[in-house]
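Work through these exercises with the structure open beside you. Try each task before you read its solution.

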Number of protein chains: 2
Amino acid sequence: MTTPAHLLRPVGRVESSLTDPATAPCQGDEGAPQAWLVFDEAYLPALAGLRPGAEVLVLTWLDRARRDVLTVHPRGDLTRAEAGVFATRSPHRPNPVGVHRVRLLEVTGARVRVDALEALDGTPVVDLKPVLDGER
Amino acid sequence: MTTPAHLLRPVGRVESSLTDPATAPCQGDEGAPQAWLVFDEAYLPALAGLRPGAEVLVLTWLDRARRDVLTVHPRGDLTRAEAGVFATRSPHRPNPVGVHRVRLLEVTGARVRVDALEALDGTPVVDLKPVLDGER
């Protein structure tokens, strides 16, 4: 199968106190801190209608992940059997797109503050979508 | 802000009876049909551990969407006020990555059958992730 690649263009960045991949939580509900999503000013119109309290999916590009890995020990635990990366939430995968479900706390211009986000400081943001009823 | 772009490489394709964007449902729970995810054989190891019954997020590249649109009338309804695309699930957005929550019905080699999926036939698949407890 020959398929063309597609260009993902960051629309912003994560601003977070998390800087060390080794100690960052694996998931938002595991003690991750609040964070800011800092959008490029060019995307300000795309934020219209977002309100504090809303639950959204933040899509990131996990730029420090490996892309050449197809199987992993879940959560890096070597005592657990290897699984295919599509059966895990490992950041290491062919296309390291992170999907993070968060709640909006504040929307100030092109800066959006969210509750628990496990992404590292500087991680590129590529999309933001409201959570659908069916996803609750 | 200057940010480098990232290359998204499709890992498979959607095989579906949906071929017409004009009549396709907007969401999976709006009458979307079953579909097959046909992965490139190279990614077979990444599927290890996926079992029928599991709920997963399918990430797609919505290759027929527009990327130059920042505001839309929700669901294309011209009587509704325009909203920023990040406040909607419109396929038209700077990075048209689709996030689809589906249930696995069958895993046969590199072919995976899923329940209701609103993606069009031929849509590139870029990732598959298990749904986390916190996302239920």
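**Exercise 1. Strands that meet across two chains**

Find how many bridges join strand β1 of chain A to β1(B), and in which direction the strands run.

Solution. This is a predicted model. Start with strand β1 of chain A, residues 6–8. Three bridges join this strand to β1(B). The two strands run antiparallel. Now pick out one residue, L7(A). Its bridge partner in β1(B) is L7(B).

**Exercise 2. The interface of chain B and chain A**

Describe the contact between the two chains: how many residues take part, and what area is buried?

Solution. Step one: count residues. On chain B, 53 residues are in contact with 53 residues of chain A.

Step two: take the area. The size of an interface is often given as the accessible area lost when the parts come together. Here chain B and chain A bury about 5,000 Å² between them. Carbon and sulfur atoms hold 62% of that area.

Step three: look for polar links. The rule finds 24 residue pairs in polar contact across the interface, with both residues at pLDDT 80 or more. It also finds two salt bridges there. R93(B) and D127(A) meet in a salt bridge through their side chains, at 2.9 Å from N to O.

Step four: ask which elements of chain B touch chain A. Those giving two or more residues are β1 (6–8), β2, β3, β4 (55–61), β6, β7 (97–108) and β9 (124–130) of chain B. The largest share, six residues, comes from β9(B).

Step five: sort the side of chain B that touches chain A by class. It has 33 nonpolar, nine polar and eleven charged residues.

**Exercise 3. A salt bridge between two loops**

Which parts of chain A does the pair E30(A) and R75(A) tie together?

Solution. First check the pair. The side chains of E30(A) and R75(A) form a salt bridge, at 2.8 Å from N to O. A salt bridge needs these atoms within 4 Å.

Next, place the residues. E30(A) sits in the loop between β2 (12–15) and β3 (35–39) of chain A, and R75(A) in the loop between β5 (71–72) and β6 (83–84), so the pair ties together parts that are 45 residues apart in sequence.

Then judge exposure. Exposed means over 50% relative accessible area. R75(A) has 54%, so it is exposed. E30(A) has 37% and counts as partly exposed.

Last, check the backbone. Phi of R75(A) is near 55°, a positive value in a residue other than glycine.

**Exercise 4. The pair in chain B**

Now turn to R75(B) and E30(B): is each one buried, partly exposed or exposed?

Solution. The closest N and O atoms of R75(B) and E30(B) are 2.8 Å apart, in a salt bridge. R75(B) lies in the loop between β5 (71–72) and β6 (83–84) of chain B, and E30(B) in the loop between β2 (12–15) and β3 (35–39), so this pair ties together parts 45 residues apart in sequence. R75(B) is exposed, at 55%. E30(B) is partly exposed, at 35%. Phi of R75(B) is near 55°, a positive value in a residue other than glycine.

**Exercise 5. Further salt bridges**

How many salt bridges does the rule count over all chains?

Solution. The count comes to 18. One of them links R113(B) and E106(B), with the closest N and O atoms 2.8 Å apart. R113(B) is partly exposed at 22%, and E106(B) is partly exposed at 25%. In chain A, salt bridges link E55(A), R101(A) and R103(A) in a network.

How values were computed. Residues numbered from 1 in each chain as written. Chains lettered and ligands numbered in written order. Predicted model: local features only at pLDDT ≥ 70, side-chain atom pairs only at ≥ 80, totals over all residues. Heavy atoms only, no water. Helix = DSSP H or I, 4+ residues; strand = E, 2+ residues; numbered from the N terminus. Buried < 20%, exposed > 50% of the residue type's maximum accessible area, 1.4 Å probe, protein only. Contact = heavy atoms within 4.5 Å. Buried area = accessible area lost by both parts, 1.4 Å probe. Polar contact = N/O pair within 3.5 Å; in protein donor to acceptor, adjacent residues only side chain to side chain. Nonpolar A, V, L, I, M, F, W, Y, C, P; charged D, E, K, R; others polar. Pairing = 2+ DSSP bridges.
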